[in-house]
Amino acid sequence: MQAESDAENATGGGAARANGTPVAPVAPATPVAPGPAKAKAKAGAEAAVKSRRFPSITRDTARPEGSGRAVPGAVSTPARQWPMLSVLTATAIGLLATAFGHPRVGCLAIGVALIAASVMRRVLPSVGMLAVRSRFTDMITYGLLGVAITLLALVMAAPKPWLVIPFMEDAVRFTVR
């Protein structure tokens with residue numbers, strides 16, 4: 001792959017490195033003769049500078065909006081990814097609570113972890129691997145899932161709901177029948 005990229009850059013065909021940074025075309029080793037050939041070469045160079053058309057072959061993918069590290073690279077990996085690790089830890093605690101017979105507490109922990117992920121995605125400039133899509137899409141997705149799971153945990157009928165929503169029983173009866 002690197003050999004192909006170097007060969008393309010040497011012939012002037014490659015416009016970007018694998019990470020997406022632009023690369024200037026390599027100048028030919030032989031000088032261009034003055035006269036009409038020089039004007040023709042200059043016109044060809046202007047056309048090859050930058051096209052506004054979408055490339056027919058995609059060489060790499062764009063990094064997500066928040067794909068930077070939450071802490072600089074000199075720190076160990078777990079410390080750099082603390083937002084994701086905190087959400088995963090809270091989710092694991094919720095799953096353990098559910099496994100040990102406390103489903104409401106476990107679902108509440110998972111819902112609160114997702115709501116916290118939504119808040120972190122909004123507030124923090126860089127959240128590491130917690131950034132999956134655009135900031136707006138991540139906030140909406142984490143927030144809606146967190147609120148839905150939290151509400152389901154609160155209206156759970158085992159043994160008695162902590163929150164009573166009057167239309168919820170009718171909605172469940174209508175959808176399940």
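The following paragraphs lead through the helices of this predicted model, from the whole chain to the packing around α5 and then to two individual leucines.

The protein chain contains seven helices and zero strands, so that, read from the N terminus on, its elements run α-α-α-α-α-α-α. Of its 177 residues, 19% count as buried. Among the contacts with a separation of 6 or more, residues 24 or more positions apart account for 53%.

Helix α5, which covers residues 103–123, is a useful place to begin. Its 21 residues reach 30 Å from the first C-alpha to the last, close to the 30 Å expected at 1.5 Å a residue. The buried residues of α5 are R104, G106, L108, I110, G111, A113, L114, A117, S118, M120 and R121, and these buried residues pack against α4 and α6. The two partners of α5 can be taken in turn.

On one hand there is helix α4, residues 82–99, whose axis comes within 6 Å of that of α5 and crosses it at roughly 165°. Because the angle is over 145 degrees, α4 is roughly antiparallel to α5, and α4 passes α5 in a left-handed crossing. From α4, the contact is made by W82, P83, S86, V87, A90, T91, G94, L95, A97 and T98, while α5 supplies P103, G106, C107, A109, I110, A113, A117 and M120. By class, the residues of this contact of α4 with α5 divide into 13 nonpolar, five polar and no charged.

On the other hand there is helix α6, residues 135–155, which packs with α5 at an angle of about 160°, the axes being 8 Å apart. The two helices α5 and α6 are therefore roughly antiparallel to each other, and α5 passes α6 in a left-handed crossing. In this contact R104, C107, L108, I110, G111, V112, L114, I115, A117, S118, R121 and R122 of α5 meet R135, D138, M139, Y142, G143, L145, G146, V147, I149, T150, A153 and L154 of α6. The contact of α5 with α6 has 14 nonpolar, five polar and five charged residues.

Helix α6 itself has 21 residues, which at 1.5 Å a residue should span 30 Å, and this agrees with its end C-alpha atoms, which are 30 Å apart. Buried in α6 are R135, D138, M139, Y142, G143, G146, T150, A153 and V155.

Two leucines complete the picture. L130 has its place in the loop between α5 and α6, and at 2% relative accessibility L130 counts as buried, because the cut-off for burial is under 20%. Leaving aside residues up to four places away in sequence, L130 touches P83, M84, V87, A117, M120, D138 and Y142. Between L130 and L88 there are 10.0 Å in space, C-alpha to C-alpha, although the two are 42 residues apart in sequence.

L152, by contrast, lies in helix α6 and is exposed, with a relative accessible area of 55%. L152 and L108 stand 8.7 Å apart, C-alpha to C-alpha, across a sequence separation of 44 residues; of this pair, L108 is among the buried residues of α5.

Note on methods:
Residues numbered from 1 in each chain as written. Predicted model: local features only at pLDDT ≥ 70, side-chain atom pairs only at ≥ 80, totals over all residues. Heavy atoms only, no water. Axes fitted to C-alpha atoms, helices over the stretch in contact; angles between N-to-C directions. Helix = DSSP H or I, 4+ residues; strand = E, 2+ residues; numbered from the N terminus. Parallel < 35°, antiparallel > 145°, perpendicular 65-115°, else oblique. Left-handed = near helix turned anticlockwise from the far one by under 90°. Contact = heavy atoms within 4.5 Å. Nonpolar A, V, L, I, M, F, W, Y, C, P; charged D, E, K, R; others polar. Expected span 1.5 Å × (residues − 1). Buried < 20%, exposed > 50% of the residue type's maximum accessible area, 1.4 Å probe, protein only.
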